[in-house]
Amino acid sequence: MSRPIGDLGVARFGEVLAAAGPGPAAGSTAAVTASFAAGLATKVAKAAADREAVGELDALRAKALRLADDDVEAFAGFLEARRKPGGGPAATEAIVQVPSDVVALAVRVAELAALLAESGPDHLTGDAVTAAFLAAAAAESAAALVGANIADSDMTVGEELADPRLEHVEERAGHARALAERLV
């Protein structure tokens with residue numbers, strides 16, 4: 001795919017996801033979902049005249065779309081490195097780091113959305129709550145990918161469970177989920 005994911009319309013992105021073979025998949029979808037959550041939270045922040053939140057959420061939305069593209073690139077690099085003798089530790093690291101970054105970003109969006117749900121305009125509470133749930137879903141999905149990608153990197157199950165990165169992202173994703181659930 002040569003165009004950035006952020007340049008695709010929603011329908012086209014769905015078609016690209018449905019295509020067979022490598023390309024955008026779960027990691028990119030988690031990042032795009034975090035971007036949607038940030039966009040929805042930005043709507044609430046604008047109505048609340050919270051310029052600081054607007055600025056941060058706009059930056060998070062843009063970064064999430066870059067991470068969607070980074071995920072495609074990281075996975076393509078991992079597949080290529082796997083075909084070479086000895087594989088590629090840097091390529092393996094990238095398929096763990098990108099979804100870890102999505103978790104961190106999505107958790108921050110969930111935090112901001114939860115604050116906006118509590119302090120923003122009443123008529124947009126549903127938007128803030130939805131943003132928090134979308135961000136939590138993105139965080140949990142990306143955390144699951146961290147575990148899957150650690151396992152894919154030819155580690156044994158015991159090593160996967162011992163990897164501190166997995167525990168960290170699962171804890172952070174759980175925080176996002178708790179924030180969202182607290183709102184309903």
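**Helix packing and the nonpolar core**

Leu116 has its place in helix α4, where helices are DSSP runs of H or I with at least four residues, numbered from the N terminus. This is a predicted model, in which local features need pLDDT of at least 70 and side-chain atom pairs count only at pLDDT 80 or more, while totals for chains, interfaces and linings use all residues. Residues are numbered from 1 along each chain as its sequence is written, and side-chain values use heavy atoms, with hydrogens and water left out.

**The core and Leu116**

- The largest nonpolar core (a set of buried Ala, Val, Leu, Ile, Met, Phe, Trp, Tyr and Cys residues joined through side-chain atoms within 4.5 Å) holds 57 residues, and those with the most contacts inside it are Leu57, Leu105, Val109 and Leu116.
- Two or more residues of this core come from each of the elements α1 (10-18), α2 (26-47), α3 (51-83), α4 (89-119), α5 (125-152) and α7 (164-182), and the largest share, 15 residues, is given by α4.
- In soluble globular proteins, nonpolar side chains tend to be buried together.
- Leu116 counts as buried because its relative accessibility is 4%, the class being defined as under 20% relative accessible area, with exposed over 50% and partly exposed in between (1.4 Å probe, protein chains only).
- Apart from its neighbours within four places in sequence, Leu116 is in contact (heavy atoms within 4.5 Å) with Ala41, Val44, Ala45, Asp50, Leu57 and Ala128.
- From C-alpha to C-alpha, Leu116 and Gly27 are 26 Å apart in space, and they are 89 residues apart in sequence.

**Packing of α1 with α2**

- Helices α1 and α2 pack at an angle of about 160°, and their axes are 12 Å apart; axes are lines fitted to C-alpha atoms, for helices over the stretch in contact, and angles run from 0 to 180 degrees between N-to-C directions.
- The two helices α1 and α2 are therefore roughly antiparallel to each other, since angles over 145 degrees are classed in this way, with those under 35 as roughly parallel, 65 to 115 as roughly perpendicular and the rest as oblique.
- The crossing in which α1 passes α2 is left-handed, meaning that the near helix is turned anticlockwise from the far one by less than a right angle, whereas clockwise would make it right-handed.
- On the α1 side Val10, Phe13 and Leu17 meet Ser28, Thr29, Val32 and Phe36 of α2, and by class this contact has 5 nonpolar, 2 polar and no charged residues.
- In these classes Ala, Val, Leu, Ile, Met, Phe, Trp, Tyr, Cys and Pro count as nonpolar, Asp, Glu, Lys and Arg as charged, and the others, Gly among them, as polar.

**Packing of α5 with α7**

- Helices α5 and α7 pack with their axes 8 Å apart, at an angle of about 165°, and are therefore roughly antiparallel to each other.
- The crossing of α5 and α7 is left-handed, and the contact between them has 12 nonpolar, 1 polar and 5 charged residues.
- Among the residues that meet here are Phe133, Glu140, Val146 and Ile150 in α5, and Arg165, Val169, Arg177 and Glu181 in α7.

**Buried Ser and Thr residues**

- Ser100, which lies in helix α4, counts as buried at 13% relative accessibility, and, not counting residues up to four places away in sequence, Ser100 touches Val146 and Val169.
- Thr33, found in helix α2, is buried with a relative accessible area of 18%.
- Leaving aside neighbours within four places in sequence, Thr33 is in contact with Leu134 and Ala138.
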